[in-house]
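User: I should like a close look at the aromatic rings of this structure and their surroundings. Please explain the terms as they arise.

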Amino acid sequence: QVQLVEFGGGSVQAGGSLRLSCAASGRTFSSYAMGWFRQAPGKEREFVAVVSRSGVITSYTDSVKGRFTISRDNAKNTVYLQMNSLKPEDTAVYYCAADLAVTHNDITRVREQYNYWGRGTQVTVSS
C-alpha cells in the first residue's frame with residue numbers, strides 16, 4: 001500500500017508560481033506512475049499531468065502545457081508539480097495519485113485507473 005501526502009499549496013497572484021510536492025510512503029514508489037489531478041468547486045476532478053515510473057515520459061492537459069512541469073525523484077519517493085504563470089482558473093484542490101504501472105513508460109490520464117490518492121492541497125490564484 002502507498003500513502004501520499006501533498007505539500008506546497010497556497011495563495012498566489014496571477015502570474016506567480018508554486019511548487020507542489022507529493023511524498024510517498026513505502027519502498028515501491030518506483031513501481032508507480034504518478035499523476036496530478038485537480039478539482040475546482042462544483043466541478044469534477046480532472047487530470048493535470050502524469051509522469052512515468054522512469055520519469056522519462058510525461059503528459060499534460062492542454063490548459064497547463066508550457067506552464068506546468070511534472071517531475072519525480074525516486075530516491076526521495078517524491079513527485080513534484082512546478083506551476084508557473086498561474087491563472088485564476090488554476091484555482092483548485094490539487095491531488096497526487098499513484099498508478100501501479102506495468103512498464104517503466106506506461107502512463108494514464110484516466111482517473112479511475114489510479115490506485116492511491118493523497119488528501120489534496122489547496123491552490124488559490126487571485127487576479
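Analyst: A charge sits over a ring if NZ of Lys or CZ of Arg is within 6 Å of the ring centre and within 35 degrees of the ring normal. In this predicted model, Arg45 lies over the face of Tyr95, 3.6 Å from the ring centre. Arg19 likewise lies over the face of Tyr80, at 4.0 Å from the ring centre.

Rings may also pair with one another, and a search of the whole structure finds 5 aromatic pairs. One of them is formed by Phe37 and Phe47, which meet edge-to-face, 5.8 Å centre to centre and with 75 degrees between the planes. This pair links distant parts of the chain, since Phe37 belongs to strand β4 (residues 32–39) and Phe47 to strand β5 (residues 46–51), 10 residues apart. Phe37 is buried, with a relative accessible area of 0%, and Phe47 is buried at 9%.

Phe37 also pairs edge-to-face with Tyr114, at 5.1 Å centre to centre and 80 degrees between the planes. Here the partners are 77 residues apart, as Tyr114 lies in the loop between β9 and β10 (116–117). Both Phe37 and Tyr114 are buried. Together with Phe47 and Trp117, these two residues form one aromatic cluster.

A covalent link may be added to this picture. The structure holds 1 disulfide, which joins Cys22 to Cys96 with an S to S distance of 1.9 Å. Cys22 lies in strand β3 (residues 18–24) and Cys96 in strand β9 (residues 92–100), so the pair ties together parts that are 74 residues apart in sequence. Both cysteines, Cys22 and Cys96, are buried.

Technical notes: Residues are numbered from 1 along each chain as its sequence is written. This is a predicted model: local features need pLDDT of at least 70, side-chain atom pairs count only at pLDDT 80 or more; totals for chains, interfaces and linings use all residues. Side-chain values use heavy atoms; hydrogens and water are left out. A disulfide is a pair of cysteine sulfur atoms within 2.5 Å. Helices (H or I, at least four residues) and strands (E, at least two) are DSSP runs, numbered from the N terminus. Buried means under 20% relative accessible area, exposed over 50%, partly exposed in between (1.4 Å probe, protein chains only). Rings of Phe, Tyr and Trp (its six-membered ring) pair if their centres lie within 6.5 Å; planes under 30 degrees apart count as stacked, over 60 as edge-to-face and the rest as tilted.
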